[in-house]
Amino acid sequence: MSPDEAAPAATRRSAALRPFALFGSELATLFLRRRTIAMLAALAVVPVLIAVVVRVTGAGSNGRGPAFLGSITDNGLFVGFTALVVCIPLFLPLTLGVVAGDTIAGEAALGTLRYLLVAPAGRARLLLAKYAGVAAFALAAPVVIVLAGMGIGALLFPVRPVTLLSGDTTDAAGLLARTALLACYVALSLLGLGAIGLFVSTLTTVPVGAMAATVVLAGASQILDQLPQLDWLHPWLFTHYWLGFGDLLRDPIVWDSYGQDALLQAAYLAVFGALAYARFATKDILS
Amino acid sequence: MTSAEPAAGPAGGASAILARGLTKRFGRRLAVDSVDLDVPRGSVFGFLGPNGSGKTTTIRMLLGLARPTAGQVELLGERMPRATATVLPRVGALVEGPALYPFLTARDGLSRLDAADPRSVSRTRGARVAEALERVGLTHAADKKAHAYSLGMRQRLGLAGALLRERELLVLDEPSNGLDPQGTREVRALIRRLADDGTTVFVSSHLLGEVEQLCSHVAVMRAGRLVMSGPLGELRAAGGRSAAVRTPDPDAAASVLAGLGLRPSVADGVVTADLGPGGDAHDGTEPAPESIVAALVAAGVRVRGFEVTTPSLEDRFVALTGEGFDVAG
């Protein structure tokens, strides 16, 4: 018999699909969860810490320390940038790894994965919803850092038109636009890692393991990126363009690194998204 | 609403669950070995078996959570797992205990499950969730975070998830697990009410008493194989009734019983004989108990006691699945 013809009238009548309800539920569950809020709060503390230390010591950095650190005393708007630079190597991949590693493995560990699938959520749709949550976190994290940084910066330091790396100045509106671009750049840069985390998460029912593996991969990629002997490999590492956002602070904006980063992240997303789907679509849910 | 009329046209089919040759192998271990299941629509079907006999693995395959190594499944007349998206909204399930989001309230957790199905209407979600909570008696705790729930409350919440919508089939794995006697009674009453409304209920359980009170049909698993499947009466009757006569004249009694076509045996002044399949629909090939007593009295046998015993479901269960520690079994 043909199952397509066999769909009963009642199901067909209510067949108007609402595929986005799960996305909404996923976002709400993720961002109302205490753990997520705590991670975002921890990220917000970083610029506050930097600003307070610079303010209290009152000393310039004499060119040492992370990028933009020396500019803070001159212009509070740089606090957010400095904090982003500080967070990119460790804190951002760490928090994103927690969210991405938890996606499937976390539901499996709770046992809720089986109930989502018999609801039925559909395996592809569940993966998409989970990845949407990861992507939303990848955007939320830098936005929180930048906003907290600008807030505390404006509070503790003078705010004036910003002198860009190219020597031009931009007003508050221009700076806001560039900050938004910067946050988007960091979010974009994290998409590849998010896809890796999603894939790792389909391999296990132990969320902590998936989280750790994801974070370790981010660290390993950055280490490889430091080794000059592996020059040929560097453009293929998903962390390679993580700090390449300086181009956004020139006038006119140089889009090269944005484009290359987007291409690279898209490739990682395609490969690891496909792997995650291949794994998850046929997986026996035994937890 | 699609009511669960039996044999609802060519699409419906007469079976709520139909499995043929269902097999699952994990590495070298055969967890489920060519199981054939036929759960008639409208039945309350008890799925019995000791721990580790493959019940939950079978249920996982029925629901498309695990892929059968061999064999096929039809749920409500449609092939699984191909028809997952259209069939599962009509199936409520409790699989291997409830699973909750400890950081969500009961209400939010159920809403999330409801939202997971793209066919569920978001406008009525709140009302659906509230009704499901009401049905399992959790309304008062609906806005508590689930990590504060007791085992019984968790079980009820799991049931609420299965009852979020009008279901044609409920697959309930150990629904009374962790419930106190009142809770067990409530669950039993709930299942009975659902069954009266025409819902097919497929319930796995260790609690034989519960199955005996609830189910119209049973299937028994043992070490991955189905050892028996059919109406409850058939399972009980297959063991046969027996009559026991307590008398100081055992030899005389035995010869009377033999004269009635029975094969009596004597031990300790008690004469026993198998009466064959029992039930009220006695087929008449064996003498009725009352005629045995009459014959004994007519022959001058002093009857001190007469008893007809039907094997309990537990006796049959153990006979089919072996004693718990029976290594040879």
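## Chain B: how it splits up

The domain assignment cuts chain B in two: domain 1 covers 9-236, and domain 2 covers 240-310. Take the centres over C-alpha atoms and domain 1 of chain B sits 44 Å from domain 2 of chain B. Bear in mind that this is a predicted model.

## Chain B: overall make-up

In secondary structure terms, chain B has twelve helices and 14 strands. The chain runs to 329 residues, and 52% of them are buried.

On the surface side, chain B exposes an accessible area of about 14,600 Å². Carbon and sulfur atoms account for 50% of that surface. As for contacts in chain B, if you look at those with a separation of 6 or more, 69% are between residues 24 or more positions apart.

## Chain A: a helix pair

Over to chain A, and to two of its helices. Packed helices like these come down to two numbers: the angle between the axes and the distance between them. Helix α8 of chain A spans residues 172-202 and helix α9 of chain A spans residues 207-226. They pack at an angle of about 145°, and their axes are 9 Å apart. The crossing of α8(A) past α9(A) is right-handed.

Which residues meet where these helices touch? From α8(A) come A:L193, A:I196, A:G197, A:V200 and A:S201, while α9(A) brings A:A210, A:A213, A:T214, A:L217 and A:A218. Sort the residues of this α8(A) and α9(A) contact by type and you get seven nonpolar, three polar and no charged.

Key:
Residues are numbered from 1 along each chain as its sequence is written. Chains are lettered from A and ligands numbered from 1 in the order in which they are written. This is a predicted model: local features need pLDDT of at least 70, side-chain atom pairs count only at pLDDT 80 or more; totals for chains, interfaces and linings use all residues. Side-chain values use heavy atoms; hydrogens and water are left out. Axes are lines fitted to C-alpha atoms, for helices over the stretch in contact, and angles run from 0 to 180 degrees between N-to-C directions. Helices (H or I, at least four residues) and strands (E, at least two) are DSSP runs, numbered from the N terminus. A crossing is left-handed if the near helix is turned anticlockwise from the far one by less than a right angle, and right-handed if clockwise. Contact means heavy atoms within 4.5 Å. Ala, Val, Leu, Ile, Met, Phe, Trp, Tyr, Cys and Pro count as nonpolar, Asp, Glu, Lys and Arg as charged, and the others, Gly among them, as polar. Buried means under 20% relative accessible area, exposed over 50%, partly exposed in between (1.4 Å probe, protein chains only). Accessible areas come from the Shrake-Rupley method with a 1.4 Å probe; for residues, only the protein chains shown count as cover. Domain bounds come from an automatic or database domain assignment.
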